[in-house]
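Q: I am new to this structure and would like a close look at one part of it. Could you pick a single spot, describe its surroundings, and then show me how the rest fits around it?

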Amino acid sequence: MSKPVASQMDGGMDADVLVVGLGAMGSMALWRLARRGATVIGFDRFEPPHAMGSSHGESRIIRTAYYEGPGYVPLVLEAFGLWRELEGESGASILTMTGALMIGDPTSDVVAGALASAKEHRLEHEVLDGAGVRRRFARHRLLDHEVAMYEAAAGFVRPEAGIAAALARARALGARTFTGQAVDRVEPVPGGVEVRAAGRTWRGRHAVVCAGAWNGAGLVAGLNVKLEVTRQCMVWFRPRTPALHAPNRAPVFVHDIGGSPALFGYGFPSVDGETVKIGVAAKTAPQDPEAIDRKIHPADLEAAAQYVRMALPDLDPTPVRAVVCLQENSPDRHFVIGPITPGITVLAGFSGHGFKFAPVIGDIAADLALQGMTTRSIAPFSPQRFAHKLHGSRA
Ligand SMILES: Cc1cc2nc3c(=O)[nH]c(=O)nc-3n(C[C@H](O)[C@H](O)[C@H](O)COP(=O)(O)OP(=O)(O)OC[C@H]3O[C@@H](n4cnc5c(N)ncnc54)[C@H](O)[C@@H]3O)c2cc1C
């Protein structure tokens with residue numbers, strides 16, 4: 001465990017660090033801060049883990065040969081270790097290794113991007129054609145022109161169990177949490193920061209703002225990034241041959257289906273032994289997180305059912321359940337991590353691929369809050385990278 005920081009509650013401070021939002025990133029930040037001996041208070045408008053934000057629905061993919069960019073690979077390698085550390089401290093089962101298939105045309109973003117990351121970081125992988133995939137992983141059907149990159153260093157994490165474990169560990173280490181209370185405002189003040197929630201003002205030396213889909217809702221001044229929220233659905237189907245979908249036979253997958261706008265199918269092995277979760281990530285219109293329609297409509301199920309008919313014929317294409325989930329996107333779909341003003345760090349814009357990194361992002365937040373710097377390579381995620389674009393768009 002890292003050396004504890006001195007926690008002098010002089011000057012009317014309530015805590016060293018105030019964490020706003022206790023979902024994926026906030027729960028992990030709270031845990032990593034409490035582990036270092038910082039006094040820390042966390043706030044959430046709901047009772048995490050909950051199904052109102054971006055971190056619910058049984059499973060999240062974790063994979064290493066990262067098609068979104070080789071710069072993510074060192075972070076995900078560290079995240080694997082931290083997930084295991086959280087399991088060790090809490091006794092919870094969070095990470096299951098299954099391997100992963102990145103499927104698509106050889107020139108697709110998913111396949112070409114994953115291979116580029118594998119090459120740059122010398123990651124073990126194999127490239128399989130459609131027949132090779134079918135021989136090894138019988139549930140899949142690829143189109144004639146498609147291939148798949150397989151890597152063993154991948155699997156899924158259980159989001160609800162991960163958040164619950166991090167919060168429980170943080171509380172056991174002395175963190176205080178206030179749930180069911182929305183923070184209204186986070187403001188820098190001389191010598192620290194103030195957080196207003198439920199008619200009370202809290203003072204800390206530093207605040208970590210990680211409110212997910214609500215980051216762009218005016219909680220904090222100085223976050224000059226256009227963050228958008230989209231409504232996504234995850235849909236569960238019943239297999240005809242459950243053994244084909246067991247975690248030891250069915251890797252997680254991402255399938256670049258192509259088209260314009262591009263469609264991505266993704267899926268998991270069966271977590272409950274009875275159903276299989278599939279998603280189709282589509283570009284949808286931005287929405288107000290306060291006004292999201294959380295009901296499931298027949299149209300919400302169509303893309304996933306169509307994907308199942310095309311690519312996973314062992315699944316009965318009649319959906320058995322579905323859930324709405326909010327996705328908070330940054331303009332370039334890369335993360336937004338760093339200070340926006342002295343005393344305030346934001347963790348935002350995780351753009352549909354952040355959960356796997358949550359414990360390492362939480363540890364980076366602890367670095368920034370307690371030391372003002374981190375040794376991890378986070379310059380590409382700087383909130384300031386959009387400043388000139390916002391300025392340009394106004395001109
Ligand atoms: C459908 C879907 C599938 C995904 N699949 C994957 C995947 O397979 N692998 C992967 O790595 N990532 C995946 N992601 C992305 C990942 O789930 C998110 O990047 C991650 O969960 C975001 O975490 P967060 O902490 O930013 O948000 P959240 O976990 O939503 O946390 C934000 C918290 O802030 C709280 N809050 C909001 N406003 C306030 C306020 N004013 N005061 C106090 N608290 C507040 C909320 O209640 C919430 O608890 C997926 C996302 C979606 C939508």
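A: **A close look at one spot**

Leaving aside residues up to four places away in sequence, P383 touches V225, V336, I337, G338, P339, I340 and V346. Please keep in mind that this is a predicted model. To find P383, look in the loop between α7 (358-371) and α8 (387-394). Is P383 buried or exposed? With a relative accessible area of 6%, P383 falls under the 20% cut-off, so P383 counts as buried. Another distance helps to place P383: its C-alpha lies 8.9 Å from that of A348, although 35 residues separate P383 and A348 in sequence.

Now let us step back to the whole protein. Its 395 residues would give a radius of gyration near 21 Å if they formed a compact globule, and the value for the protein is 21 Å, so the two agree. Along the principal axes, the C-alpha trace spans about 65 × 50 × 40 Å. The secondary structure consists of eight helices and 19 strands. Buried residues account for 53% of the 395 residues. If you take the contacts between residues at least 6 apart in sequence, 73% of them join residues at least 24 apart.

The surface and the charges can be described too. The protein exposes about 16,100 Å², and carbon and sulfur atoms supply 54% of that area. There are 41 positive and 39 negative charges, and their mean positions are 1 Å apart.

Two helices are good places to see how elements pack. Helix α3 covers residues 109-120, twelve residues in total, and reaches 16 Å from its first C-alpha to its last, close to the 16 Å expected at 1.5 Å a residue. Its buried residues are V110, V111, G113, A114, S117 and A118. Which elements do the buried residues of α3 pack against? They pack against α2 (73-90), β5 (100-104), β7 (147-151), β14 (252-258) and β15 (263-267).

Helix α6 (residues 298-311) can be read in a similar way. At 1.5 Å a residue its 14 residues should span 20 Å, and the end C-alpha atoms are 20 Å apart, so α6 agrees with the expected span. In α6 the buried residues are D300, L301, A304, A305, Y307, V308 and A311. Their packing partners are β13 (228-239), β14, β15, β16 (276-281) and β17 (315-329). Strands β14 and β15 therefore appear among the partners of the buried residues of α3 and of α6.

Strand β14 also holds G258. G258 has a relative accessibility of 24%, so this residue counts as partly exposed. From G258 to S93 is 165 residues along the chain, and their C-alpha atoms are 35 Å apart.

Just after α3 comes R122, with a positive phi near 50 degrees. R122 is a residue other than glycine, and its place is the loop between α3 and β6 (126-129). What does a relative accessibility of 79% make R122, buried or exposed? R122 counts as exposed, because a residue over 50% is classed that way.

A second residue with a positive phi is E58, at about 80 degrees, although E58 is not a glycine. E58 sits in the loop between β2 and β3. Its relative accessibility is 15%, so E58 counts as buried. The loop between β2 (40-44) and β3 (60-62) also holds P49. Where P48 joins P49, the peptide bond is cis, with omega near 0 degrees.

Both P49 and E58 are touched by E160, which also touches S55, H56 and G57, when residues up to four places away in sequence are not counted. E160 belongs to helix α5 (residues 159-172). A relative accessible area of 27% makes E160 partly exposed. L143 is 17 residues from E160 along the chain, and 35 Å separate their C-alpha atoms.

To finish, return to where we began. P383 is buried, with a relative accessible area of 6%, and the residues it touches include V225 and V346.

Notes: Residues numbered from 1 in each chain as written. Predicted model: local features only at pLDDT ≥ 70, side-chain atom pairs only at ≥ 80, totals over all residues. Heavy atoms only, no water. Helix = DSSP H or I, 4+ residues; strand = E, 2+ residues; numbered from the N terminus. Rg over C-alpha atoms; globule rule 2.2 N^0.38 Å. Buried < 20%, exposed > 50% of the residue type's maximum accessible area, 1.4 Å probe, protein only. Contact = heavy atoms within 4.5 Å. Areas by Shrake-Rupley, 256 points an atom, 1.4 Å probe, with all protein chains shown as cover. Lys, Arg positive; Asp, Glu negative; His and termini not counted. Charge placed at Lys NZ, Arg CZ, Asp CG, Glu CD. Expected span 1.5 Å × (residues − 1).
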